[in-house]
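This report looks at how charged side chains pair in a small set of salt bridges, and at the setting in which they do so. Please keep the sequence and the model in view while reading.

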Amino acid sequence: MTAGRGEPWRTFLGPDEIRALLRRHGFDVVEDLGRHEFLAGRADSLRPAHLSRVVRAVRSDR
């Protein structure tokens, strides 16, 4: 459905997999939000779905 709307799939990683990938590359996860958390309360076309996440991470060595 998402690809049909023009949004290409870049990855199929789950939440635990993306956190592990970031750790392997020297990042510490600061915030990990599902779409429901970062778009809560919206009623427009950006209303929550379970297809995406926002992960904010910083380099561990900085």
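A residue is called buried when its relative accessible area is under 20%, exposed when it is over 50%, and partly exposed in between, with a 1.4 Å probe and protein chains only. Because aspartate 32 has a relative accessibility of 18%, it counts as buried.

The model is predicted, so that local features need pLDDT of at least 70 and side-chain atom pairs count only at pLDDT 80 or more, whereas totals for chains, interfaces and linings use all residues. Residues are numbered from 1 along each chain as its sequence is written, and side-chain values use heavy atoms, with hydrogens and water left out.

The protein has two helices and two strands, which follow one another along the sequence as α-β-α-β; helices (H or I, at least four residues) and strands (E, at least two) are DSSP runs numbered from the N terminus. Of the 62 residues in the protein, 10% are buried. The predictor's confidence in each residue, pLDDT, runs from 0 to 100; its mean for the protein is 77, and 66% of the residues reach 70 or more. Among the elements, helix α1 (residues 15-24) has the highest mean pLDDT, 90, and helix α2 (residues 35-38) the lowest, 64.

A salt bridge is taken here as a side-chain nitrogen of Lys or Arg within 4 Å of a carboxyl oxygen of Asp or Glu, and by this rule there are three.

| Acidic residue | Basic residue | N to O distance |
|---|---|---|
| Aspartate 16 | Arginine 19 | 2.4 Å |
| Aspartate 32 | Arginine 19 | 2.2 Å |
| Glutamate 31 | Arginine 56 | 3.3 Å |

The pair of glutamate 31 in strand β1 and arginine 56 in strand β2 (residues 53-59) links distant parts of the chain, 25 residues apart. Salt bridges that share partners join Asp16, Arg19 and Asp32 into one network. Within that network, aspartate 16 and arginine 19 both lie in helix α1, three residues apart, about one turn of the helix, while aspartate 32 lies in strand β1 (residues 27-34). Aspartate 16 is exposed, with a relative accessible area of 54%, and arginine 19 is partly exposed at 22%.

Valine 29 also lies in strand β1 and is partly exposed, with a relative accessible area of 30%. Beyond its neighbours within four places in sequence, valine 29 is in contact with residues including Arg19 and Arg56, where contact means heavy atoms within 4.5 Å.
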